[in-house]
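Have a look at the fold below before reading on. We'll start with a helix and then work out to the sheets.

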Amino acid sequence: MKPRITVITLGVDDLERSVKFYRDGLGFQTEGIIGTEFEHGAVAFFDLESGVKLAIWNRKDLAHEAKVAQGTPNPAEFTLGHNVGSKAEVDQVMKEAKKSGAVITDPAHDAFWGGYSGHFQDPDGHLWEVVWNPEWEIVIRKEVYHVKGHGTE
């Protein structure tokens, strides 16, 4: 299998609240909630870099689709890493997240490994790390993809 991660889906408790957080608070681009005409179908997609999408979907609907029991969410299961180009960018993103209603769990600071990072939780407890790594070059490029059936470009 080649690692072609194209969508990261987060289970959320309140779809409208999460859309507001990511769209209005963090400035992520979205067409809003779609699929409401289908049972278990309401979802919102956000455009990330390089054609990757962030999807938010009600936890109960995600559990139904995957045919798994819905357990108690644990924020330490994984983190979403948002890499930026400088310490100042880390500070700015952390400030935007806090203003949007995120819980800052680990304020931005110099990390033991030579970088600079901080952590926050979104309204559903998902853990994000905002990080500047002096050893990584962040490449931003504009690529256009068309996903049949979603009209996404």
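Which exposed residues does the face of H1 turned away from its buried side carry? They are Glu-16 and Lys-20, where exposed means over 50% relative accessible area, buried under 20% and partly exposed in between, with a 1.4 Å probe and protein chains only. Before going further, a word on the ground rules: this is a predicted model, in which local features need pLDDT of at least 70 and side-chain atom pairs count only at pLDDT 80 or more, while totals for chains, interfaces and linings use all residues. Residues are numbered from 1 along each chain as its sequence is written, and side-chain values use heavy atoms, leaving out hydrogens and water.

Now the other side of H1, which spans residues 15-25. Helices (H or I, at least four residues) and strands (E, at least two) are DSSP runs, numbered from the N terminus. The buried residues here are Leu-15, Ser-18, Val-19, Phe-21 and Tyr-22. Because they cover an arc of only 160 degrees around the axis, they sit on the same side of H1; that arc is taken from the directions from the helix axis to the C-beta atoms. The general rule is that an α-helix has 3.6 residues a turn, so residues three or four places apart point the same way.

The ends of H1 are worth a glance too. Asp-14 caps the N-terminal end, with a side-chain oxygen 3.2 Å from the backbone nitrogen of Glu-16. After H1 comes Gly-27, with a positive phi near 80 degrees.

Next, the sheet that goes with this helix. It is open, with four strands in the order S1-S4-S3-S2 and mixed pairing; two strands pair if DSSP finds at least two bridges between them. S1 (7-12) and S2 (29-34) stand at the edges with a single partner strand each, so one side of each has no neighbour in the sheet. S1 and S4 (residues 53-58) run parallel, joined by six bridges, and Gly-11 stands opposite Trp-57 in S4. H1 lies across S1, S2, S3 (43-47) and S4, at about 155 degrees to S4. Such angles run from 0 to 180 degrees between N-to-C directions, using axes fitted to C-alpha atoms, for helices over the stretch in contact, and contact means heavy atoms within 4.5 Å.

Further along the chain, another open sheet of four strands has the order S5-S8-S7-S6, again with mixed pairing. Five bridges join S5 to S8 (residues 127-132), and these run parallel. Gly-81 stands opposite Glu-129 in S8.

Notes: Polar contact = N/O pair within 3.5 Å; in protein donor to acceptor, adjacent residues only side chain to side chain.
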